[in-house]
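Me: I would like a close look at one part of this protein. Please keep it brisk and spell out the cut-offs.

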Amino acid sequence: MNITKKDIDKLNAVLTVEVSKDDYSSKVEKVLNNYRKTANIPGFRKGHIPMGMVKKQYGKAVLVEEVNKILQEALHKFLTEEKLDVLGNPLPKNETEINWDADDYSFEFELGLAPEFEVDVKGKEVVHYKIIADDEMLNNQVKTIRKQYGKLISKNEVEKGDEITGTFTSTEKDIEKKTTLSTDAIAGKKQLASLIGAKVGDTVTLKTKGMFADDHDNQKYLGVSHDDAHGLDIEVSFKIEEVNKREMAELNQELFDKLFGEGVVTSEAELKAKIKEDAEGQFAQQSDQKLLNDVIDSLIENTKFDLPKEFLQRWIAMTGEKRLSEEDAKAEYERSEKGLRYQLIEGKLRAENNLQVTFEELKDHSKNMIKAQMAQFGQTNPTEEELESIAARILSNKEEVERLGEQLNTAKLLNFFKENAKLKTKEVTYDQFIKEAYA
């Protein structure tokens, strides 16, 4: 067997694999002998079928199969030994021209070669948001907690700030929805005026247009579909069945202990500090995800290299569940090009900076995860044997290993970007972050 590589350009090459009779004849003969022993052909006892008949019936199919096996092994070995970084898989170029009645064969395969390029993570500056919980957010959170743990006082007449339980009905949109809402949820001045002063047992007619600040609330409170919720403009009847005033809970030790455990928080200042710590911990996760996305986008945009575009389009057309047209393959390539570029960039970063996840790291990560979960149920001091046993069960699950591996891979990459990318820290409130990051 002989394999030669001819470079077309820096991104494309052709491999020629020459297979001689000596490479496959013994393998084909062995398979045919096994067929002779096991095949069922009418008129012949098993094991006594003439070899000529076996070759006539099975010879060509066995030959093709065995030569293809040799080809795949040879290609894999050649690509590995020559350390060729290819995209996709080798594509047969002349398979329809092969004369299987000959003794020797020559196969050609197209290769798409990965480009050479450099990645500069210190290039373009990327904003790293530091999201803070400001006083307005902390005060609103305290108010929400006091409402949540407060008392409901039953009333007969609606006043501003009350919670109303009732049933919305409409024959036009087939609405019959029992709901509870606060008068604070009503944005329309006329609708609010119609509700204030109404009594338990009254039925109030309300226009839906402008009743809520967000049209999605029509779906929440009226029970209409998502499509109907947008721009809903009808009249609905609302029968008031219950009115309650929520008396806010006192900020005292009883409430603090109920929220965080005995003695953990002892004052309103400590309560706000705890809320701030928890909120900013959650905000940090959102900020990190935004940073990761932005650095990735920046690298894709600013790392320039060419791809073997035509080869990849042919590969996409030929290797899916069904063969694609040239037009569909081109469209699919355009959809996937950005992802492919990032795969190459990420692969280079990981290889050059030792960012691969080891098994030991995976095991340690799973044990830390187990300890955190056990602590939630009061088991704060598990033995090493317990952790090893549970970790072994987790790591025997392929899907779980993939999930944990993805978590660690992402964490490693994020930490690498934090340490090496050109970042500009910007302190913002959560509302500012939403406006700037997702506008």
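How many bridges join strand 1 to strand 2, and do they run parallel or antiparallel?

Reply: This is a predicted model, where local features need pLDDT of at least 70, side-chain atom pairs count only at pLDDT 80 or more, and totals for chains, interfaces and linings use all residues. Residues are numbered from 1 along each chain as its sequence is written, and side-chain values use heavy atoms, with hydrogens and water left out.

Strand 1 (residues 2–7) and strand 2 are joined by 6 bridges and run antiparallel. Strands here are DSSP runs of E, at least two residues long, and helices are runs of H or I, at least four long; both are numbered from the N terminus. Two strands pair if DSSP finds at least two bridges between them. The link from strand 1 to strand 2 is a hairpin through 4 residues. One bridge pairing is K6 with V14, the latter in strand 2.

Strand 2 has another partner. It is joined to strand 4 (residues 105–113) by 8 bridges, again antiparallel. There, T16 stands opposite E108 of strand 4.

Now burial. Strand 2 covers residues 12–19, and 7 of its 8 residues are buried, so the rest of the structure largely encloses it. Buried means under 20% relative accessible area, exposed means over 50%, and partly exposed lies in between (1.4 Å probe, protein chains only). Across the protein, 35% of the 439 residues count as buried.

The setting comes next. The protein has 14 helices and 11 strands. Its C-alpha trace spans about 100 × 55 × 50 Å along the principal axes. The radius of gyration is 35 Å, whereas a compact globule of 439 residues would have one near 22 Å. That radius is taken over C-alpha atoms, and the globule rule is 2.2 Å times the number of residues to the power 0.38.

Contacts follow. Contact means heavy atoms within 4.5 Å. Among contacts between residues at least 6 apart in sequence, 70% join residues at least 24 apart.

One helix residue offers a point of reference elsewhere. D297 sits in helix 8 (residues 268–302). D297 is partly exposed, at 36% relative accessible area. The C-alpha atoms of D297 and F417 are separated by 13 Å, with these positions 120 residues apart along the chain.
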